[in-house]
Amino acid sequence: MSRILLFLRLCSPWRSYAIFRFLVTVFLLFRRKPRFLLWRPLSPDQLVSNIRSLGASFLKLAQVLATRADFFDSAYLSALRQLHDRMPAMTRTHQKKVFERAFPDPGVFSSFEETPLASASIGQVHKAILKDSGEILAVKLLRYNIQLQVRVDILLLNIFLRLFQRLFTDQTRHSIESVLRAFTQVILQEVSMYQELANLEHFSQVYADAGVRFPRPYKDYCSDVALVMSFEEGFRVDDAAAVAQLQGGFEGLMRRLVLFYTEQMLVKGYFHADPHPGNLLVSPAGELILLDFGMVSRIPNAMRQAMIYAVKAAYERDFDMLVSATRKMGILTEESDPRSLSAVAESLFDIFDSDQLDARSMQELAFGILNILSDQPFKLPQDVIYVMRVSSLIEGLGTQYIENFNGIKDILPILKQNLTRALGEKGPTIDSFKHELIQLPLTITKARRVIDLADQGDLVVRMSTADRRYLLDHLGRYLRTLGWLLFWLALAFYFQRLQQQWSLYVSVGCLCAAALLLLKRNRQQ
């Protein structure tokens, strides 16, 4: 009965209208439009209040949107970043129901603190002592009925998107759909403690030698609504007073943090997708401790290599390589204006070259680049957004500890040192030169093969997914336009041949419709 009542409350008219206003605001801000029918976009404060009223799922969605500088301007981004994932603890009744479901034998713990150490939108963490061994543990309990709430919210979002679909351009639809796909994937992972357990175990294996500590899971006591793990002592990474006491200070800590995320995103492609100071502790000995594995994702190998080449191109001021990398990443298509791309590339090269940029001027440059791109057919793939979230974490920590911190200037030298390793290269050693020399005859043979295929007309050129989609979409629009044009012209010719006065008017009307179709097509181009 309680689940039925929850479903009815989640689908209530006032809540459905709040979701509608949320989506209208996102649509209008992304398209830079002042209004949609009777509705204007919510102000930054109204948007934040709207998200808070919608609950846990939309708080998580706001975390994804808070990095989308292609959707929102600086005022909205600043407001969204103030949204914290902290929420009041569950009621004692709900907490008891979840605990009884997770632990049918309540005697498994000799002590269980009912007041949680931390309470977020998806779950809350309690401190406990294991009865058999006396070990201190952290127990993460999923919120009561959160799985149902998340699935209903995803259903409602998809229903509204289908209603809005005809209003979206292809670019808008692909961008908004990519955000919701990423949100759906992430939040469904987070509402399963079994999935978080699997993420924690796999992460611990992949990064066993990374110099970072992870909680140790106790599998025998875990369930789909509870994750039991070792209790990790430490202070938050943004605790300036404690960090100042560490040997090596902030600089040493920052270097280890950047190296760890470089390893995740550019080398292994398997990464922690929820980077914020609450998930990063530092032990008294100075060891980094990573917590909360509900949001873990993979970067496809092609995307990972494209990111690496984008960094390499910016260092080498190679415009062609930069454009090629951004196209492979799906950010740009063939329709993009080369002159605008050249201006963006010069801005990026200035960022990489300048030693005088502070965080404020970096932000101004970033928004300047996005303003240039706003008229271009571009989108930010979710994998790139994850990189931006990591960058935001490091930028935020840097500005807290170092005046005029420039993340690009301080972080990218570390990335540059690891580019060859990320690409799987060994560097310019004698062995690599020998290898290239041995491979030279094979390279010449391959080049000759390409020339022969081109000469015979059998050369096949592969396109990136984004460019292929762009080409097919535009071809489809051209064919639809041609079909309608032929239809109206055929009707005009048919009615003209009837040689009746009324049919002549109809024939002229059909010709006007064909002319309007051509004018509309020319305006779109």
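# Exercises on a predicted protein model

The protein has 21 helices and 11 strands. The model is predicted. Of its 525 residues, 46% count as buried. The exposed area is about 28300 Å², and carbon and sulfur atoms supply 57% of it.

## Exercise 1. Strand 3 and its partners

Find the strands that pair with strand 3, and say in which sense they run.

**Solution.**

Step 1. Locate the strand. Strand 3 covers residues 123-130.

Step 2. Take strand 1, residues 109-112. It is joined to strand 3 by 3 bridges, and the two run antiparallel. One pair to look for is Ser111 with Ile129.

Step 3. Take strand 2, residues 118-119. Here 2 bridges lead to strand 3, again antiparallel. Ser119 has Gln124 as its bridge partner. A hairpin through 3 residues connects strand 2 to strand 3.

Step 4. Take strand 4, residues 136-142. Strand 3 and strand 4 are antiparallel and share 7 bridges. Ala128 stands opposite Leu137 of strand 4.

Step 5. Inspect the turn between strand 3 and strand 4. This hairpin has 5 residues between the strands, and Gly134 takes a positive phi near 80°.

## Exercise 2. A glutamine in strand 3

Is Gln124 buried or exposed? Which backbone atom does its side chain reach?

**Solution.**

Step 1. Place the residue. Gln124 lies in strand 3.

Step 2. Check its accessibility. The relative accessible area of Gln124 is 0%. Buried means under 20%, so Gln124 is buried.

Step 3. Follow the side chain. It reaches the backbone nitrogen of Met90 at 2.9 Å.

Step 4. List some surroundings. Leaving aside neighbours within four places in sequence, Gln124 is in contact with residues including Ala89, Met90, Pro116, Ser119 and Lys140.

## Exercise 3. A lysine in strand 4

Which residue shares a side-chain polar contact with Lys140? Where does that partner lie?

**Solution.**

Step 1. Place the lysine. Lys140 is found in strand 4.

Step 2. Judge its exposure. Lys140 has a relative accessible area of 10%, so it is buried.

Step 3. Name the partner. The side chains of Lys140 and Asp292 are joined by a polar contact of 3.3 Å.

Step 4. Place the partner. Asp292 sits in the loop between strand 10 (288-290) and strand 11 (296-298).

Step 5. Add other contacts. Beyond four places in sequence, Lys140 also touches residues including Gln124, Met193, Glu196 and Leu227.

## Exercise 4. Backbone angles

What is the phi of Asn145, and what is the phi of Asp292? Set both against the general pattern.

**Solution.**

Step 1. Recall the pattern. Most residues other than glycine have a negative phi.

Step 2. Look at Asn145. Its phi is positive, about 60°, although it is not a glycine. Asn145 belongs to the loop between strand 4 and helix 7 (146-164). At 14% relative accessibility, it counts as buried.

Step 3. Look at Asp292. Its phi is also positive, about 65°, and it is not a glycine either.

## Exercise 5. An open sheet

In what order do the 4 strands of the open sheet stand? Why does each edge strand have one side without a neighbour in the sheet?

**Solution.**

Step 1. Read the order. The strands stand as 5-10-9-7, with mixed pairing.

Step 2. Find the edges. They are strand 5 (212-213) and strand 7 (235-236). Each has a single partner strand, so one side of each is left without a neighbour in the sheet.

Step 3. Check one pairing. Strand 7 and strand 9 (residues 280-282) pair in the antiparallel sense over 2 bridges. Phe235 stands opposite Val282 of strand 9.

## Exercise 6. Leucines of helix 20

Which residues make the nonpolar surface patch? How exposed are Leu486 and Leu489?

**Solution.**

Step 1. Name the patch. Leu472, Leu475, Leu479, Leu482 and Leu486 make a nonpolar surface patch of about 500 Å².

Step 2. Examine Leu486. It is in helix 20, residues 465-497. Its relative accessible area is 52%. Exposed means over 50%, so Leu486 is exposed.

Step 3. Examine Leu489. It is placed in helix 20 too. At 38% relative accessible area, Leu489 is partly exposed.

Step 4. Look along the chain. Not counting residues up to four places away, Leu489 touches Leu511 and Ala514. The C-alpha atoms of Leu489 and Cys512 are separated by 9.7 Å, and these residues are 23 apart along the chain.

Technical notes:
Residues are numbered from 1 along each chain as its sequence is written. This is a predicted model: local features need pLDDT of at least 70, side-chain atom pairs count only at pLDDT 80 or more; totals for chains, interfaces and linings use all residues. Side-chain values use heavy atoms; hydrogens and water are left out. Patches are made of residues with over 30% relative accessible area and no salt bridge: like charges are joined within 9 Å, nonpolar side chains (Val, Leu, Ile, Met, Phe, Trp, Tyr) within 5 Å. Accessible areas come from the Shrake-Rupley method with a 1.4 Å probe; for residues, only the protein chains shown count as cover. A salt bridge is a side-chain nitrogen of Lys or Arg within 4 Å of a carboxyl oxygen of Asp or Glu. Buried means under 20% relative accessible area, exposed over 50%, partly exposed in between (1.4 Å probe, protein chains only). A polar contact is a pair of N or O atoms within 3.5 Å; within protein, one must be able to donate a hydrogen and the other to accept it, and residues adjacent in sequence count only if both atoms are side-chain atoms. Contact means heavy atoms within 4.5 Å. Two strands pair if DSSP finds at least two bridges between them.
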